[in-house]
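The following paragraphs walk through a protein model, from its packing to its internal voids and one of its sheets. Please keep the structure in view while reading.

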Amino acid sequence: ATVVLRNQCHAETWLHTVYFECHTHTIESLSVDVAHPISPSPQPLLFDLPWPWTHPPTCTPPLPEIPTGLCIFVNSNFADGRGIGIVTTPALAGHVASLPAFRSPQKSREGSLNVNVHSRLWRTEEIERKGIGSLAARDLEPDTEMLKYTPAFMAYLEHTLPTLEREALWRTALLQLPQETRDSFLALSYVHKDKRVRVQAIVQANTFQLDIDGVNHLAVFPETSRLNHDCAPNAQYVVDAEMLTHTVRTTRRVREGEELGIAYTSPMEKAEVRRDKMREGFGFVCQCARCVNSERSDSVLNTIHSLEAHLNDWTPSSLATPAMADQLIALYEQEELQGFLDVPFGHRALAANAVGDVEGARDWARKAGREVMGKDGRGAVAVGVWEEVVRDADGHWSYGRRVGRG
Ligand SMILES: C[S@@+](CC[C@H](N)C(=O)[O-])C[C@H]1O[C@@H](n2cnc3c(N)ncnc32)[C@H](O)[C@@H]1O
């Protein structure tokens with residue numbers, strides 16, 4: 001057998017973290033021939049123009065669930081010489097080539113950071129028991145854009161290739177990247193110590209999810225990778241699948257020297273679940289304040305979930321009121337979950353609308369919409385949901401549903 005890592009798992013959370021491994025089988029006698037890893041494709045490759053790749057694609061043979069196979073597509077000039085290495089199907093590479101990231105990469109929105117330029121708002125430092133982390137280089141206001149980067153490496157998320165073949169394929173892609181980019185990738189932390197799967201181990205510890213034409217890809221943004229996990233994060237990120245950018249913003253005021261953290265898993269899960277995911281997926285024991293104080297934080301979560309259940313109850317006997325949604329907002333803030341306020345703000349909007357408070361409904365729906373954009377990006381479905389309430393509150397299904405309870 002040539003499989004080192006098996007039964008790969010894909011985390012089902014919305015937080016864009018991917019776990020590569022459920023079980024590790026280390027077979028000492030294996031070695032990987034990186035110099036001649038992949039047989040060339042037997043088929044001619046057809047792609048949509050434009051052709052932005054700087055190296056001839058190397059491909060796997062057809063794979064069980066991917067008949068066209070996977071190929072390496074590298075553009076070493078991408079993003080002013082940072083380069084990008086993508087392992088995907090020829091058709092999806094054609095889609096990537098047609099994205100604004102390749103066709104009109106200069107366009108950055110007004111007031112937005114320049115892509116791949118250090119904002120000087122953060123710096124990295126060794127942090128006790130966490131490896132390297134990122135710290136605020138000065139006091140930061142809420143919603144400050146801090147990092148905006150394109151991926152150095154992306155790979156189609158499959159469970160088909162034997163682990164060592166995947167390793168060889170991904171390594172070949174990395175070898176084609178400009179040296180600086182490759183070095184920053186290879187300097188990242190990793191979960192498994194086995195050198196034969198080093199590239200996959202790095203991806204496991206550092207990946208975000210990026211949809212290419214509806215297909216999951218793993219993406220590594222080396223600078224952003226130095227953000228450690230926190231269950232009450234003071235930063236959150238949005239991935240723009242058209243511009244191929246990953247942008248990180250503060251969720252609340254951050255003091256100079258404070259560590260910046262993002263959530264690797266949902267902070268709305270119980271402490272035990274969060275801790276298990278961090279241990280299994282990332283190899284560390286979460287010591288954040290909410291995990292250390294888990295009895296208290298779980299009890300607040302229980303109250304949050306119970307309030308949300310009431311607010312989601314639209315039967316005639318529902319006990320939900322706007323005051324209940326206010327209480328929910330206060331609990332999110334108390335738990336420092338400012339990055340997730342779209343949910344209680346949305347409940348507040350519907351609770352207001354349900355008692356006929358159209359102005360209140362619009363105000364809260366606007367706020368919920370802004371929070372969704374900060375968390376899930378402009379294209380998120382929920383943005384449209386809240387826009388609908390703003391546009392036509394008294395035509396909305398929630399209008400007047402609980403009149404007399406406000
Ligand atoms: C994306 S990297 C973060 C940067 C990393 N600390 C480094 O040195 O490059 C993820 C890895 O950082 C470490 N890590 C992240 N958050 C942590 C935390 N809250 N406590 C301890 N270790 C953490 C774990 O080793 C994890 O696998």
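In this predicted model, a convenient place to start is Val87. Leaving aside neighbours within four places in sequence, Val87 is in contact with Leu70, Cys71, Ile72, Phe153, Met154, Ala155, Tyr156, Leu169, Trp170, Ala173 and His217. Val87 belongs to the largest nonpolar core, which has 66 residues. Val87, Met146, Phe153, Trp170 and Leu244 are the residues with the most contacts inside that core. Phe153 and Trp170 also appear among the contacts of Val87. A second core, separate from this one, has 33 residues, including Met268, Leu301, Leu311 and Leu350. In soluble globular proteins, nonpolar side chains tend to be buried together.

Next come the enclosed voids. Searching the whole structure gives 3 cavities of 30 Å³ or more. The volume of the second largest is about 90 Å³. Its lining consists of 13 residues, and those closest to the centre are Ala205, Asn206, Thr207, Phe208 and Tyr264. Two or more lining residues come from each of α6 (198–206) and β9 (207–212). By class, the lining of this second largest cavity holds 8 nonpolar and 5 polar residues, with no charged residues.

The last stop is a sheet. Its 4 strands form an open arrangement in the order β5-β6-β14-β11, and the pairing is mixed. Because β5 (122–127) and β11 (228–229) each have a single partner strand, they stand at the edges, and one side of each is left without a neighbour in the sheet. Strands β6 (residues 131–136) and β14 (residues 259–262) run antiparallel and are joined by 2 bridges. Leu135 stands opposite Glu259 in β14.

Definitions and conventions: Residues are numbered from 1 along each chain as its sequence is written. This is a predicted model: local features need pLDDT of at least 70, side-chain atom pairs count only at pLDDT 80 or more; totals for chains, interfaces and linings use all residues. Side-chain values use heavy atoms; hydrogens and water are left out. Two strands pair if DSSP finds at least two bridges between them. A nonpolar core is a set of buried Ala, Val, Leu, Ile, Met, Phe, Trp, Tyr and Cys residues joined through side-chain atoms within 4.5 Å. Buried means under 20% relative accessible area, exposed over 50%, partly exposed in between (1.4 Å probe, protein chains only). Contact means heavy atoms within 4.5 Å. On a 1 Å grid over the protein atoms alone, a cavity is a set of points where a 1.4 Å probe fits but cannot get out, and a pocket is an open set with protein on both sides within 12 Å along at least five of seven lines; lining residues have an atom within 4 Å of a point. Grid points are joined across faces, edges and corners, and a volume is the space filled by probe spheres set on the points. Ala, Val, Leu, Ile, Met, Phe, Trp, Tyr, Cys and Pro count as nonpolar, Asp, Glu, Lys and Arg as charged, and the others, Gly among them, as polar.
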